[in-house]
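Open the model in your viewer and keep the sequence panel beside it. Each stop below says what to select and what is there.

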Amino acid sequence: MLPVRSPLPRAVRTRLETGRLVVLSVALGALVGGLCIPLRLGLDLLVRLGGQVTGYSPPGTPGEGGLLMAFVGPALPWGLLALPVVGAAYAWLVPRETGDPLTGLVGGYHARGQWPAPVFQLRTLAGTLLGYGAGLLVGRDAPFTLVGQLGARVLQRATRLDAVEARTLTLAGAAAGLGAVLHAPLAAAVLVTEVLYRRFEFEFEVLMPCVLASVAAYAVYGAAFGFTPLFSALDLQVPAGPQWAGFAGVALAVTLAGWASVFACRVLPDAWLAGAPRVVLGGGFGLLTAALALGTPAVLGDGSGWVQLGLSGFLGPEAVGVGAWRWLLLALGARLAFGGGVLPSVGVGGLLGTGAATWLGVDPAVGALVGAVAFLTATLNVPVAAALLAVAWGGDAMLPTALLTAGLAHLISGEGGLLPGQARSRAASPVHAGGALTLLPEGVRLSPRRPPEGSPGAPLDAPAGEGGPTPLSSDRELYRRAVPTGWQGARLSVLSLPPGVEVVGVVREGTVRPPRPELRLTAEDELVFLARPDAYAALEGVLRLPG
């Protein structure tokens, strides 16, 4: 039978639906913030264990309880032999199809919420923990991003979510994890909504849940560990007069380095990125890291601690050399999922910016943040989020410099990036392409089933008593929509549709399945309707379909 129309006015229903999303976003943020507490404790333990194996422990950041010093012992040359093994294990654990957690988040969203199964996400989490603990180029933020996505899965099991809510809250969960580890909830929320596209576009309908979840997560996380900014950058001054030219030179140089890394990462052919060759290359990446670390131990870790040293004035022109080695590792490892996330790019850009600022005779602390903003913008296409991160870490005085740097970097670097799953624009994303009419996967040909004569699902243009499939006429269109909340768990045989509307396919796990009467619908499914526009409009008037 047809769903009953709510007696509440539409404006009231809209407020209730918005209120539901607000409550879910805050609850998700609190959940993710709680999950991030044991994650941080575990990461600290892994770093200590890794330091005992390699004999080296990189400097840390004040916000994450790190010390501004590195410890090197006599076991360093032999302990580094563990890095090739860890690199191979990382390449085996992290699937090629999804990549690092941030890449998987972006790609899964544009695949209409088809994120990897939990077992693959847990494998990726294990790989990021192992890689970060050993000192490979894996950002500390990577496991936090993935824990945020897993938190959304937990919430989805506890609460019935439609497909749109699930997609939105998965992004919000990732923003919550990033907001906690970066100690910048607003910047993290903007980053997740901005990183989806190569062009300067936003998912404004996603921004509010991301902000709420990120703030709630940071409130819980900060209650346990304090609210110290990730980096300590005191007494930063707004550049004036001739200094602007120097910082423009820093921004230009680092932007060109980021632009070059986007092209350099394509050196590895696609045939080497799957199966056994991928594992071998992962071991080779670990071996290269170990070889570089013999002479330059600063290449170990994600580099955030060395950026802090630059902000504290302890690094000079030699920071360019360390940043260049890190640039090489990022360029070679990006397609193997090494260097994914936010902090590895911050590390490369911050070190290059520190060294370049010293050469040009301007403040190296401001140069470090300018370099981080420029490199993040060039590699991840997040100019606004990069500027907000600089403000969160360096104070409000950084706002004019950060905005100008981000604008310059985005103008020069264009629409390239290290994340292969980024869509060029909203119109190019399958989530939004085509408005109401969404194309089916290529190669799929539909033959609509013929309902019984006189049934409610009979096509409007089908003569009574005529058998066979109904042709796809010019006045009828295909509509692809997520399963409404009220239909989840129901069999297709019990659905009753308005005249002129019929279900001709069910999209499940990326494939179109025939509409068998016994098929039971789930929250992850999508329905393909064949209907005239006016008939479909009548269906939408009776039942709210998530878009």
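**Stop one: the end of a helix**

Select Ser 413, which sits in helix α17, residues 399-413. Helices (H or I, at least four residues) and strands (E, at least two) are DSSP runs, numbered from the N terminus. This is a predicted model, in which local features need pLDDT of at least 70, side-chain atom pairs count only at pLDDT 80 or more, and totals for chains, interfaces and linings use all residues. Residues are numbered from 1 along each chain as its sequence is written, and side-chain values use heavy atoms, with hydrogens and water left out.

Is Ser 413 buried or exposed? Ser 413 is buried, at 7% relative accessible area. Buried means under 20% relative accessible area, exposed over 50%, and partly exposed in between (1.4 Å probe, protein chains only).

Now show the side chain. It makes a polar contact with the backbone oxygen of Ala 409 at 2.6 Å. A polar contact is a pair of N or O atoms within 3.5 Å; within protein, one must be able to donate a hydrogen and the other to accept it, and residues adjacent in sequence count only if both atoms are side-chain atoms. Leaving out residues up to four places away in sequence, Ser 413 touches Thr 255, Trp 259, Thr 377 and Ala 378. Contact here means heavy atoms within 4.5 Å.

**Stop two: a glutamine in a loop**

Go to Gln 422. It lies in the loop between α17 and β3 (477-482). Gln 422 is buried, with 3% relative accessibility. Which backbone oxygens does the side chain of Gln 422 reach? One belongs to Val 195, at 2.8 Å. Another belongs to Leu 380, at 2.9 Å. Beyond residues up to four places away in sequence, Gln 422 touches several others, including His 110, Tyr 197, Arg 198 and Asn 381.

Move on to Asn 381. This residue is in the loop between α15 (364-380) and α16 (383-394). Its phi is near 60°, a positive value in a residue other than glycine. Asn 381 is buried, at 1% relative accessible area.

**Stop three: another positive phi**

Select His 183. Find it in the loop between α7 (163-182) and α8 (185-194). Phi of His 183 is near 55°, again positive in a residue other than glycine. With a relative accessible area of 6%, His 183 is buried.

**Stop four: a glycine in a helix**

Select Gly 347 in helix α14, residues 343-360. Its relative accessible area is 0%, so Gly 347 counts as buried. Add Trp 306 to the selection. The two are 41 residues apart in sequence and 7.3 Å apart in space, C-alpha to C-alpha. Setting aside neighbours within four places in sequence, Gly 347 is in contact with Asp 302, Gly 303 and Val 307.

**Stop five: a covered strand**

Colour strand β4, residues 501-508. How many of its residues are buried? The count is 8 of 8. β4 pairs with strand β6 (residues 526-531) in the antiparallel sense, over 6 bridges. Strands pair if DSSP finds at least two bridges between them. Pick Glu 502: its bridge partner in β6 is Leu 530. Then show strand β5 (residues 511-513), which is joined to β4 by 3 bridges and runs antiparallel to it. There, Val 507 has Val 512 as its bridge partner.

In a regular strand the side chains alternate between the two faces of the sheet.

**Stop six: the enclosed space**

The structure holds 1 cavity of 30 Å³ or more. On a 1 Å grid over the protein atoms alone, a cavity is a set of points where a 1.4 Å probe fits but cannot get out; a pocket is an open set with protein on both sides within 12 Å along at least five of seven lines; lining residues have an atom within 4 Å of a point. Grid points are joined across faces, edges and corners, and a volume is the space filled by probe spheres set on the points.

The largest cavity has about 80 Å³ of space. Its lining has 14 residues, and those nearest its centre are Thr 98, Gly 104, Pro 116, Gln 121 and Leu 146. Elements giving two or more residues to this lining are α4 (101-110), α5 (118-134) and α6 (141-158).

**Last stop: an open pocket**

End at the second largest pocket, with about 750 Å³ of space. It is lined by 38 residues; select Arg 96, Thr 98, Thr 103, Pro 420 and Gly 421, which lie nearest its centre. α4 gives the most to this lining, with 4 residues.
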